[in-house]
Amino acid sequence: MSYLVLARKYRPQTFDEVYAQEHITTILKNTIEMDRTAHAYLFTGSRGVGKTSLARIFAKSLNCLTDGPTTTPCNTCQNCIEITQGTSADVIEIDGASNTGVEDIRDLQKELMYATQNSRYKIYIIDEVHMLSKNAFNALLKTLEEPPENVIFIFATTEPHKVLPTIISRCQRFDFKRIPIADVVDRLRSIAKIEGITIAEEALFLVGKKADGSMRDGLSLMDQVLAYGKKDYTYDDILEIFGIVHNDIYHEIIKAIKTHDAALIINHLHAMMEKGTDLQEFINGLLDYIRDLLLLKVGVKIQTLSLAQENLMTSLAKEFSEQDILYLISLLIKAKNDIKISTNPILVAEMSFVKIAKLQDMHALPEILQQIQSGITVTQPTSQPRTPAANHRQTTRIKQEIKQEATAKPPLISQLTTEIYQQHRAQIVEKLRLEKPVLANYFDNCSVQKIQNNFAHFISTTDLANNMLNSNRDLIADIISKHFNIPIKIDFILQKAERKPTIAQPTMEDIKRHSPDLADFIKETDSVFE
């Protein structure tokens with residue numbers, strides 16, 4: 001097969017060709033120039049950010065026959081060519097996922113005894129090192145502690161938390177960054193020029209965004225674009241190639257949510273499904289769009305949006321509160337999870353979008369809690385959407401009602417009695433509810449055992465309630481004292497409710513013994529069916 005995929009064809013061959021990892025390339029170049037090369041390195045980061053590519057470049061820099069060690073390998077000598085092609089006998093690349101056992105590591109250790117063939121260093125690049133077994137890691141420890149003088153290990157992993165701390169502590173660790181969209185786009189733009197095609201700038205940003213921080217993924221996507229067989233690519237071409245939903249569709253869906261138009265949302269969903277768009281990808285795209293709305297809402301600049309698109313989305317974001325947008329995101333995330341486990345994912349998606357269309361009818365959680373606590377029934381949503389100002393007015397009214405009930409004028413007394421306390425019980429509970437709603441519920445379920453000499457004794461019925469009430473005894477006593485304008489002491493006594501004894505159900509033998517006539521009947525009927 002003569003064709004070479006772009007990810008291999010345009011793989012970086014020098015430190016300067018590595019994108020977005022200047023914090024690492026600078027250090028590695030300095031270690032070469034200062035002759036301070038370590039014996040073990042750990043490269044960590046997400047996929048396609050240049051871990052193994054940089055490991056090869058570092059190996060070429062150390063083993064270059066022309067000027068090595070050098071920060072600018074020639075890429076023309078025998079060593080450089082063999083390392084680039086992956087055929088060097090002195091730079092060995094090992095797949096950690098395929099060589100996970102302790103025996104594989106022991107075989108590697110036996111090879112360390114042999115001298116290099118044509119290089120200064122024998123370098124082992126172990127990719128996905130976190131896949132090694134614990135025993136394999138332990139077998140490496142002694143080697144990493146005291147390796148042969150000319151041996152260097154370079155470990156690469158996407159999951160550093162799975163690597164034993166004892167291994168990490170013996171390595172110099174470098175954390176690779178995700179590739180910014182602008183850098184991916186810059187690389188794709190240069191490749192498009194080399195390959196003799198033109199791609200609209202907005203379309204390039206679409207590919208760069210889909211690469212999700214991975215340069216290798218970006219190049220693989222570019223391969224797919226080239227396979228489409230055109231010389232000039234528009235934004236719509238890229239949408240069609242990757243089955244991506246146009247932002248205009250998401251814009252229409254968000255507007256439909258604002259106008260409660262569930263039918264329009266469902267129609268868009270069905271249209272996308274008929275085009276072959278993956279359901280999860282459709283929801284992911286909608287989530288990305290709503291995320292951008294939220295960022296614009298809070299004043300964050302989004303580099304991947306054109307000026308026209310940014311103005312359009314900023315205007316749309318003003319139609320929703322931050323709380324509404326966050327709620328939309330939570331509903332869509334739940335829908336994604338439900339779709340994964342459902343045997344009828346389209347139905348789940350349809351029901352989720354119908355629910356989303358009712359967003360403006362939803363009450364805010366604080367408002368609902370206040371209504372429940374004050375004993376006020378939550379009103380049913382009307383045909384007109386509730387505005388944030390209307391929600392605020394209702395919440396304020398509810399709070400005022402609670403305060404009016406809880407601040408009734410207390411009596412002038414010198415001694416508290418059970419009768420007086422019971423008359424003011426509701427007011428005291430509401431005052432406590434303003435401080436700690438959950439605690440007020442536990443206190444409201446208590447009964448008064450007795451009140452004597454301004455000392456009130458209450459009875460609680462569960463361990464949880466008793467512990468919480470006693471932990472907040474000073475607060476409750478202070479509220480009661482201020483209400484009656486006299487010092488009151490309180491305590492809580494645990495008295496669990498007695499369980500009713502279970503009554504054993506009579507057996508068939510008991511019934512026969514106590515009723516001979518019934519026993520004879522059972523005997524006769526049994527003989528009939530035998």
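Contact here means heavy atoms within 4.5 Å. In this predicted model, that criterion places Val 102, Ile 105 and Gln 109 of helix α5 against Asn 135, Ala 136, Ala 139, Leu 140 and Thr 143 of helix α6. Helix α5 covers residues 102–111, and α6 covers residues 134–145. The two helices pack at an angle of about 25 degrees, with their axes 7 Å apart. Because angles under 35 degrees count as roughly parallel, α5 is described as roughly parallel to α6. The crossing of α5 past α6 is right-handed. A general feature of helices is helpful when reading such a contact list: an α-helix has 3.6 residues a turn, so residues three or four places apart point the same way.

Helix α5 also belongs to the surroundings of a sheet. It lies across β2, β3 (122–127) and β4, and runs at about 165 degrees to β3. The sheet itself is open and is built from 5 strands in the order β2-β3-β4-β1-β5, with parallel pairing. Its edges are formed by β2 (91–95) and β5 (172–175); each has a single partner strand, so one side of each is left without a neighbour in the sheet. On average, neighbouring strands here are turned by 15 degrees against each other, direction ignored.

Within this sheet, β4 (residues 151–157) is worth a closer look. On one side, β4 pairs with β3 in the parallel sense over 6 bridges, and Lys 122 stands opposite Val 151 of β4. Strand β1 (residues 40–44) pairs with β4 as well, again in the parallel sense, over 5 bridges. Two of the bridge partners can be named: Tyr 41 is matched with Ile 154 in β4, and Leu 42 with Phe 155 in β4.

How is β4 placed with respect to the rest of the structure? Of its 7 residues, 7 are buried, so the strand is largely enclosed by the rest of the structure. In a regular strand the side chains alternate between the two faces of the sheet. Both faces of β4 are covered, with Val 151, Phe 153, Phe 155 and Thr 157 buried on one side and Ile 152, Ile 154 and Ala 156 buried on the other.

A second open sheet has 3 strands in the order β8-β9-β10, and its pairing is mixed. Here β8 (447–452) and β10 stand at the edges with a single partner strand each, so one side of each is left without a neighbour in the sheet. Neighbouring strands are turned by 20 degrees against each other on average, direction ignored. Strands β8 and β9 pair in the antiparallel sense over 5 bridges, and Gln 452 has Phe 455 in β9 as its bridge partner. Helix α23 lies across β9 and β10, running at about 160 degrees to β10.

Helix α24 is linked to this sheet by its packing. It comprises 12 residues (473–484) and reaches 17 Å from its first C-alpha to its last, close to the 16 Å expected at 1.5 Å a residue. Buried positions in α24 are Ile 476, Ala 477, Ile 479, Ile 480, Ser 481, His 483 and Phe 484. The buried residues of α24 pack against two strands, β9 (455–460) and β10 (489–494), and against helices α20 (418–423), α21 (425–435), α22 (437–444) and α23 (463–471). Just after α24, Asn 485 adopts a positive phi of about 60 degrees.

Key:
Residues are numbered from 1 along each chain as its sequence is written. This is a predicted model: local features need pLDDT of at least 70, side-chain atom pairs count only at pLDDT 80 or more; totals for chains, interfaces and linings use all residues. Side-chain values use heavy atoms; hydrogens and water are left out. Helices (H or I, at least four residues) and strands (E, at least two) are DSSP runs, numbered from the N terminus. The expected span of a helix is 1.5 Å times one less than its number of residues. Buried means under 20% relative accessible area, exposed over 50%, partly exposed in between (1.4 Å probe, protein chains only). Two strands pair if DSSP finds at least two bridges between them. Axes are lines fitted to C-alpha atoms, for helices over the stretch in contact, and angles run from 0 to 180 degrees between N-to-C directions. Angles under 35 degrees count as roughly parallel, over 145 as roughly antiparallel, 65 to 115 as roughly perpendicular and the rest as oblique. A crossing is left-handed if the near helix is turned anticlockwise from the far one by less than a right angle, and right-handed if clockwise.
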